[in-house]
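This report describes the internal spaces and selected local features of a single protein. The account begins with a term on which the later description depends.

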Amino acid sequence: MSPMELDPVELITTGAVGEPGQRTFYIQAKQGERLVTLLVEKQQIELLATSILEILARVGEETEEGPKGNDLELIPPLEPLWRVGRLSIGYEESRDMVLLELEELVEGQEAIEDEEPEASELGSEEAAPDEPAGDRIRVWATRAQMLALSRHGAAVAARGRPACQFCGNPMDPDGHTCPAMNGHRGPSRT
């Protein structure tokens, strides 16, 4: 199955709906009248934000700030096509564009991955023979759009529950049982 291609996008963003601890995370891309909404995990947003900054640092050129604030809000209706299993990101120097490839989560696949494909993998459209193949979307965006996505994604993820200083797991308002503290309750934050 050939992937859906959004080349280039007018908008790429992420967001969350719900109360901390109960939020649902989305990533959206828009090209013309086509709006694609996908479900993602908070950790995928965090990894993507970090990976974007790493790629932009390797490009070695100054990147404009891109869209801000309300320009990066999710566009209703939030009707996701599917849940993302694998994220791959890379930079195409000849086009000065960043490619984000999103693959559908299929049974038996881990949901939280973030890979940077080799240049030769950017054009590959075949799944490994031992992996089940789901739908795939390839999103091409400018460096400025991806920098804005990175900053916005980090801010969206940070709006949730605070992380435990010892184990990194999210803490409920009444604290949590910290595995790094051998099961003892971590410090309560008020």
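A cavity is a set of grid points over the protein atoms where a 1.4 Å probe fits but cannot get out, and its lining residues are those with an atom within 4 Å of a point. The model examined here is predicted.

**Overall organisation**

The protein contains 2 helices and 8 strands. Read from the N terminus, these elements follow the order β-β-β-β-α-β-β-β-β-α. Of the 190 residues in the protein, 41% are buried.

**Enclosed cavities**

The structure has 3 cavities of 30 Å³ or more. The largest of them holds about 70 Å³ of space. The residues that line the largest cavity are Thr14, Ile27, Val40, Gln44, Ile45, Leu48, Ala49, Ile52, Leu87, Leu149, Ser150 and Gly153. Two elements, α1 (42-59) and α2 (143-158), each give two or more residues to this lining. Helix α1 supplies the largest share of the lining of the largest cavity, with 5 residues. By residue class, the lining of the largest cavity consists of 8 nonpolar and 4 polar residues, with no charged residue.

The second largest cavity has a volume of about 40 Å³. Its lining is formed by Ile12, Ile27, Gln28, Ala29, Val36, Leu38, Leu100, Leu102, Ile137 and Val139. The elements that contribute two or more residues to the lining of the second largest cavity are the strands β3 (24-31), β4 (34-40), β6 (97-104) and β8 (136-141). Strand β3 gives the largest share of this lining, namely 3 residues. In the second largest cavity the lining comprises 9 nonpolar residues and 1 polar residue, and no charged residue is present. Ile27 is named in the lining of the largest cavity and also in that of the second largest cavity.

**An open pocket**

The second largest pocket encloses about 380 Å³ of space. It is lined by 19 residues, and those closest to its centre are Phe25, Lys42, Gln43, Arg161 and Pro170. Elements giving two or more residues to the lining of this pocket are β3, α1 and α2. The largest share, 3 residues, comes from α1. The lining of the second largest pocket divides into 6 nonpolar, 7 polar and 6 charged residues.

The table sets out the three spaces together.

| Space | Volume | Lining residues by class | Largest share of lining |
|---|---|---|---|
| Largest cavity | about 70 Å³ | 8 nonpolar, 4 polar, no charged | α1, 5 residues |
| Second largest cavity | about 40 Å³ | 9 nonpolar, 1 polar, no charged | β3, 3 residues |
| Second largest pocket | about 380 Å³ | 6 nonpolar, 7 polar, 6 charged | α1, 3 residues |

**Arginine side chains and aromatic rings**

Arg138 is part of strand β8. Is Arg138 buried or exposed? Arg138 counts as buried because its relative accessibility is 6%, and the limit for a buried residue is under 20% relative accessible area. The side chain of Arg138 forms a polar contact with the side chain of Glu5, at 3.1 Å.

Arg34 belongs to strand β4. With a relative accessible area of 40%, Arg34 is partly exposed. Arg34 and Leu6 are separated by 28 residues in sequence, while their C-alpha atoms are 8.6 Å apart in space.

A third arginine, Arg95, is positioned over the face of Trp140, at 4.4 Å from the ring centre. The count of aromatic pairs in the model is 0.

**Backbone geometry**

Where do cis peptide bonds occur? One runs from Asp7 to Pro8 and has omega near -10°. Pro8 is located in the loop between β1 (4-6) and β2 (11-17). Another joins Pro76 to Pro77, with omega near 0°. Pro77 lies in the loop between α1 and β5 (84-92).

Asp96 shows a positive phi, near 55°, in a residue other than glycine. Asp96 is situated in the loop between β5 and β6. Its relative accessible area is 30%, so Asp96 is classed as partly exposed.

How values were computed. Residues numbered from 1 in each chain as written. Predicted model: local features only at pLDDT ≥ 70, side-chain atom pairs only at ≥ 80, totals over all residues. Heavy atoms only, no water. 1 Å grid on protein atoms, 1.4 Å probe; cavity = no way out; pocket = protein on both sides within 12 Å on 5 of 7 lines; lining within 4 Å. Points joined across faces, edges and corners; volume = space filled by probe spheres on them. Nonpolar A, V, L, I, M, F, W, Y, C, P; charged D, E, K, R; others polar. Phe/Tyr/Trp six-rings, centres within 6.5 Å; stacked < 30°, edge-to-face > 60°. Lys NZ or Arg CZ within 6 Å of the ring centre and 35° of its normal. Buried < 20%, exposed > 50% of the residue type's maximum accessible area, 1.4 Å probe, protein only. Polar contact = N/O pair within 3.5 Å; in protein donor to acceptor, adjacent residues only side chain to side chain.
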